[in-house]
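Me: I would like to go through this model by question and answer, with each answer ending on what was asked for.

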Amino acid sequence: MIDFRSDTVTRPCQTMRDAMANAEVGDDVYGDDPTVNELELWAAKRHGFANAMFCSSGTQANLLALMAHCQRGDEYLCGQQAHNYKFEGGGAAIIGSIQPQPIENEKDGSLCFEKLTAAIKPDDSHFARTTLLSIENTINGKVLSLEYMANAREFTNQHNLKLHLDGARVYNAATALNVDITEICQHVDSMSICLSKGLGAPIGSILLGSESLISDAKRWRKVVGGGMRQAGIIAAAAKIALEENPKVLQQDHDNAKYLARQLNLLPNIEVNEDHVETNMVFAKFSNTIDINNIVEQLKAKNILLTAGNPMRLVTHLNINKADIDNVIEQLSTLLSN
Ligand SMILES: *Cc1c(COP(=O)(O)O)cnc(C)c1O
C-alpha cells in the first residue's frame, strides 16, 4: 500500500523493532522503566526543558499540558483550526473543565495578537480566567516563523499568560526553517511532540516542560488512564525516532514539493506549490471530478488517499519518489478517461 492519508501510517523500521525486542523494562508508574527514563531525560535535555514525560499520544500530551497549566474554570486561547481545540474531542472542556477561546487563524496559520488581546478576559467573576495561549507549529503543513514564536512569548509575558506549543510536527518546522529545534522551543513553557508521525515511531508523544508542570501532568496522566507499565517496549522505538529521524524529514519535504509539481501538471488539479512548506500537499480538484470515485479506483491499485477538496496528501518515511510517480501515473489515467 502507498498511503498518502497521513504521516501517522509510518511503520517501525527493523532497528526500532530490534530495540523494542531487546528493551530493558520496568514498571513506569513506579518510575522504574530505565528505557522510558532514558528517553525522558534525553528529550528534556535535548530540547532545553527541565523535564519530560512520555505519553501514549499527542492528544493525551496536549490534554495533560492544558490540565497542568490551567485550573478548573480557566480558559486557553487557541486557533479555530487548532488540533487541541477542533480535533481532540473537546477533551480540555470535557475532562479538564477548561474553556477554550478559539480565534480565527490567519492565512499563514498564526494568531493575530490584536485579536488575542481582545479575547483576554478582565479579572471579574463574570468571566473565565484567561491563563494560557496555545499555538501550533507546524499548522496544516505551514510553519510559524522564529519571529512569530518570539512575539508570542513577548505577548504572553505582557499579559501574564503561559505559552504551550502543540509541536506534533515541530521537527518539520525546524527542518523547513533549517534551524536547531531549540531555536523554536526556547520560547515556550511547554511543548508536545508526536513521535509517531514523520519521525516514524509506532506509538507515543513526549511532553516537555518545567519540573512542576511535568509533575502535575503526570498526576493527570494517571487519572486519564495513561500510566503505562513496561512502556520501555515502545519508548525504545520512540527514542530512535527522536534521535535519528529528524534528519530524514528533508526528504519528505522534497518529496512533497515533487508531488505538488507533478500534480499541478495534471488536468483538473491545481496545487499552490508555494504553500508546500513541509510534508503536506493540498490539491484542489475541479468540480467536474468525482473525488470519491477517484479514491475508490486508486484504492484498488493499492494507493490510499483521503477524499476531500482540497485533498490533503502527506509524504513520509514510507513514501519514495517511485511511489509518487506511480500515483501520478494512475491519476493521470483516471483523469483523462
Ligand atoms: C496528530 C496531531 C496531534 C495528536 O496526536 P495523536 O498522537 O494523533 O493523538 C496533536 N496536534 C497536532 C497538530 C497533530 O497534528
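The turns below take up the ligand site, the cores, one helix, some buried polar residues and the backbone exceptions of this predicted model.

Me: Which helix gives the largest share of the shell around the ligand?
Reply: The ligand is surrounded by residues including Ser 57, Gly 58, Thr 59, Asn 62, His 83 and Glu 88. A helix spanning residues 58–69 supplies 3 residues of this shell, the largest share. That helix is α3.

Me: At what distance from an oxygen atom of the ligand is an N or O atom in the side chain of Lys 197?
Reply: Oxygen atoms of the ligand have polar partners in both backbone and side chains. A backbone N or O atom of Gly 58 lies 2.8 Å from one, and a side-chain N or O atom of Arg 169 is 3.0 Å from one. For the side chain of Lys 197 the distance is 2.6 Å.

Me: How much of the ligand's accessible area does the protein cover?
Reply: The shell also includes Glu 136, Asp 166, Ala 168 and Cys 194. On its own, the ligand has 380 Å² of accessible area. The share covered by the protein is 84%.

Me: Which helix gives the most residues to the largest nonpolar core?
Reply: This core holds 51 residues, and Ile 135, Met 191, Ile 193 and Leu 195 touch the most other members. A helix of residues 232–244 contributes 7 residues, the most of any element. That helix is α11.

Me: How many residues are in the other core, which lies apart?
Reply: Leu 195, in the largest core, has contacts beyond its sequence neighbours that include Phe 54, Ile 206, Ala 238 and Leu 242. The other core lies apart and has Ile 269, Ile 303, Val 327 and Leu 331 among its members. Its count of residues is 29.

Me: What length does helix α12 reach from its first C-alpha to its last?
Reply: Helix α12 runs over residues 249–264, which is 16 residues. At 1.5 Å a residue the expected span is 22 Å, and the model comes close to that. The helix reaches 23 Å.

Me: Which helices are among the elements covering the buried residues of α12?
Reply: The buried residues of α12 include Leu 249, Asp 252, His 253, Tyr 258 and Leu 263. Strands β9, β10 and β12 are part of what covers them. The helices included in that cover are α8 and α14.

Me: Is Thr 10 buried or exposed?
Reply: Thr 10 sits in the loop between β1 and α1, and its contacts farther along the sequence include Ser 196, Gly 200, His 316 and Asn 318. A polar atom of its side chain lies 3.4 Å from the backbone oxygen of Asp 7 and 3.3 Å from that of Lys 197. Because its relative accessible area is 5%, under the 20% limit, Thr 10 is buried.

Me: Which residue's side chain makes a polar contact with the side chain of Asp 3?
Reply: Asp 3 is found in strand β1 and is buried, with a relative accessible area of 10%. Beyond its sequence neighbours, Asp 3 touches Val 9, Leu 304, Val 314, His 316 and Ile 319. The side-chain polar contact, at 2.6 Å, is with Arg 5.

Me: Which residue has its backbone oxygen 2.7 Å from a polar atom of the side chain of His 47?
Reply: His 47 lies in helix α2 and is buried at 2% relative accessible area. Its contacts away in sequence include Tyr 171, Ile 181, Cys 185 and Leu 208. The backbone oxygen at 2.7 Å belongs to Ala 43.

Me: What is omega for the cis peptide bond from Asn 309 to Pro 310?
Reply: Most peptide bonds are trans. The bond from Asn 137 to Thr 138 is cis, with omega near 0 degrees, and Thr 138 lies in the loop between β5 and α7. Pro 310 is in the loop between β11 and β12, and the cis bond from Asn 309 has omega near 5 degrees.

Me: Is Asn 160, with its positive phi, buried or exposed?
Reply: Most residues other than glycine have a negative phi. Asn 160, in the loop between α7 and β6, has phi near 60 degrees. Because its relative accessibility is 70%, over the 50% limit, Asn 160 is exposed.

Note on methods: Residues numbered from 1 in each chain as written. Predicted model: local features only at pLDDT ≥ 70, side-chain atom pairs only at ≥ 80, totals over all residues. Heavy atoms only, no water. Core = buried A, V, L, I, M, F, W, Y, C linked by side-chain atoms within 4.5 Å. Buried < 20%, exposed > 50% of the residue type's maximum accessible area, 1.4 Å probe, protein only. Helix = DSSP H or I, 4+ residues; strand = E, 2+ residues; numbered from the N terminus. Contact = heavy atoms within 4.5 Å. Expected span 1.5 Å × (residues − 1). Near = heavy atom within 4 Å. Polar contact = N/O pair within 3.5 Å; in protein donor to acceptor, adjacent residues only side chain to side chain. Areas by Shrake-Rupley, 256 points an atom, 1.4 Å probe, with all protein chains shown as cover. Lists of a residue's contacts leave out its neighbours within four places in sequence.
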